[in-house]
Amino acid sequence: MQFWRICLLMGGLAGGCLAGTNAWAAHAYAMWGKPALAADFAHLPYVNPDAPKGGELRLVSNQRASTFDKYNPFTIRGSAPAYLSALMFDTLLTGSLAETATGYGLLAEDVTVAPDGLSATFRLRPEARFHNGKPVLAHDVKHSFDTLVGPHTSPAYKTMLIEVAGVDVLDDRTVRYRFHKPNRELPLTVGGLPVFSRDWGVGQDGQPKPFDQVVMDVPIGSGPYKIGPVNFGKDITYVRDPQYWARDLPVRRGTANFDRVLVKIYKDNTARLEALKAGEFDLMRFFSAGDWARRVNGKKFDTGELVKGEFAHKLPSGFQSYVLNTRRPLLQDARVREALGLAFDFEWMSRQLFYGAYQRVRGIFGNTLCETHGLPSPEEVALLEPWRKDLPAAVFGPMYQPPTTDGATTLRDNLRRAQALLRQAGWQVQDGVLRNASGQTFELEYMDSSEGGARTLSMWQRNLQKLGITLKFRAVDFALYQQRLQKFDFDITTIAYQGTNNPGQEFADLFGSAAADQEDSGNFPGVKSPAVDAMIRAMVSAKTQEQMLPACHALERIIAHSHYLIPQWSAGTHRMAYNAWRLARPAVVPPYSPGEMWAVDTWWAKKQLLEGETQ
């Protein structure tokens, strides 16, 4: 499980974290300033607190895996069902979709951060209960943490939690996390960890099994849903727990409104789309601009039963990118990597394939305060200067801008620049093929788990061919794709990295030197740079936003000018088709809506559907 899945698991808390050093208990924890909602708030501002309970929401799986083979979402091998983590596991704190970097008490009724910033103490609510009826206790919180940083889970957890010195059980309802050093990130990071029962995975002999052997044991969480009927290979139903312990808490009022959430599984995108048109499920999120513009139509759309909705948001744009694996000898020279990026023509793709629906990704912190522009500030230069000899000279100049073919420059101009860079790196075209001094040809493989990737790749392949470079497309099934990613066995692939408003320790997993050689880490490009490590440390240790921003900007400059990634594209809206005859939604669209989970969490079944259940 990679970090961007952990972010979803944590409800968005992983990217935002430490506030001040208040030593008194509080209902919430804000990274910068104060929480938007006072201690006596009645409900979150974007829900309908009077939404009726009942009915069924029929979804399609949002995962690329065509089925699932385990119920444990935390272990490395295998695939768990879609939405399981979000629906079944509560956390100490939970975020609001109306603000960033704030966690409100869920399992915890209050949180206290020590004046020296070296610990965070959470007091559990006495009414908190697991699905088996047992209370959620401090020992369960400690057990969950110890398990997640153990040997059987993704190393991303260990990297993200490396600065947690330990967990102390002070009494049945009080748990204290200790930190190696003050860190603005950690109180919300640990507050966003899933909490599960110590009884999960206990065998018939009363002894706990090794966590990697906890596979089909039904999870014992404390969230609003339990696992209901399952048809393996076809669907899974989550059933709302009518005795859900937090149903009347302000942070939960107006949420988890459906009695059942049915998640169907289809083999490919075409089958999903046709099933939507046939009315087999109620809601589907779209990532293909071509599908959205040309193929989301039909009788049910004409009658108004199905509706196309584009919901604007203020989420970070993320940095979906072609990832260049620098562990491969052909990709170790930054000049070569830059040349590959110069052959990528986004403007052509936008016109011919995307219907103008996407914007170009320009860095790793797009649409956030960390987004970098212009020349480095004096504060950025001070951070970068000790590493000048190890960095590209361009890092100290204007912020990198992806090449364009918008008229000021043309594709021909970019390919000429690419040829010059390749010559500098020792590559020459001979008889139409790029070769180095030893006669080696320049051939790379692009790996994807979907044949659909070939369509967007074809333009880049043609342009690279003009440089004498062969880029082969390799489609593999999803299980093999995951396995090869975990072992870094690829030349180039696409990763849709989630963005964050408040970056922290997770970037050590994405770009830190220690993670480069750690199997199943998130450092897919294989970045090994002391300068990058130093910028991440500066970013994580910043005590104020003013200290954090220069470190973010410096990190973004290094990554961009080193050409580890070739930026792709992002959208400023969630495109979702939904059944307007069956579903109702709140009037307010939260600015940080996560897409279909907003619907799962806050929409409800229409009255006639509920009345039909009682007849």
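In this predicted model, the count of salt bridges comes to 31. Side chains of opposite charge can pair when their charged atoms come close, and a few of the pairs found here are a good place to begin.

Consider Arg176 and Asp168, whose side chains meet in a salt bridge with 3.2 Å from N to O. The two partners are covered to different degrees, because Arg176 has a relative accessibility of 28% and counts as partly exposed, whereas Asp168, at 18%, counts as buried, the limit for that word being under 20%.

A second pair is made by Asp259 and Arg240, whose closest N and O atoms are 2.7 Å apart. Asp259 sits in the loop between β10 (235-240) and β11 (260-264), while Arg240 belongs to strand β10, so this salt bridge ties together parts that are 19 residues apart in sequence. Asp259 is partly exposed, with a relative accessible area of 23%, and Arg240, with a relative accessibility of 18%, is counted as buried.

Further along the chain, Arg474 forms a salt bridge with Glu445, and here the closest N and O atoms are 3.6 Å apart. Arg474 lies in strand β19 (residues 470-475) and Glu445 in strand β18 (residues 443-448), so the pair links parts that are 29 residues apart in sequence. Arg474 counts as partly exposed, with a relative accessibility of 35%. This pair does not stand alone, for salt bridges that share partners join Arg328, Glu445, Arg474, Arg484, Asp489 and Asp491 into one network.

One member of that network, Arg484, leads us to helix α14 (residues 478-486), where Arg484 is buried together with Tyr481, Gln482, Leu485 and Gln486. At the start of α14, a side-chain oxygen of Asp477 comes to within 3.1 Å of the backbone nitrogen of Ala479. Just after the helix, Phe488 takes a positive phi of about 60°.

Charged residues also appear in another arrangement, for on the surface Arg412, Arg416, Arg462 and Lys466 gather in a patch of positive charge. Two helices, α12 (411-424) and α13 (453-466), each supply at least two residues of this patch. Arg462, for example, lies in helix α13 and is partly exposed, with a relative accessible area of 43%. Why can Arg462, though not counted as exposed, still belong to a patch? Membership asks for over 30% relative accessible area and no salt bridge, so the 43% of Arg462 passes the first of these conditions even though Arg462 is described as partly exposed.

Conventions
Residues are numbered from 1 along each chain as its sequence is written. This is a predicted model: local features need pLDDT of at least 70, side-chain atom pairs count only at pLDDT 80 or more; totals for chains, interfaces and linings use all residues. Side-chain values use heavy atoms; hydrogens and water are left out. Patches are made of residues with over 30% relative accessible area and no salt bridge: like charges are joined within 9 Å, nonpolar side chains (Val, Leu, Ile, Met, Phe, Trp, Tyr) within 5 Å. Accessible areas come from the Shrake-Rupley method with a 1.4 Å probe; for residues, only the protein chains shown count as cover. A salt bridge is a side-chain nitrogen of Lys or Arg within 4 Å of a carboxyl oxygen of Asp or Glu. Lys and Arg count as positive and Asp and Glu as negative; His and the chain ends are not counted. The place of a charge is taken as NZ of Lys, CZ of Arg, CG of Asp or CD of Glu. Helices (H or I, at least four residues) and strands (E, at least two) are DSSP runs, numbered from the N terminus. Buried means under 20% relative accessible area, exposed over 50%, partly exposed in between (1.4 Å probe, protein chains only). A polar contact is a pair of N or O atoms within 3.5 Å; within protein, one must be able to donate a hydrogen and the other to accept it, and residues adjacent in sequence count only if both atoms are side-chain atoms.
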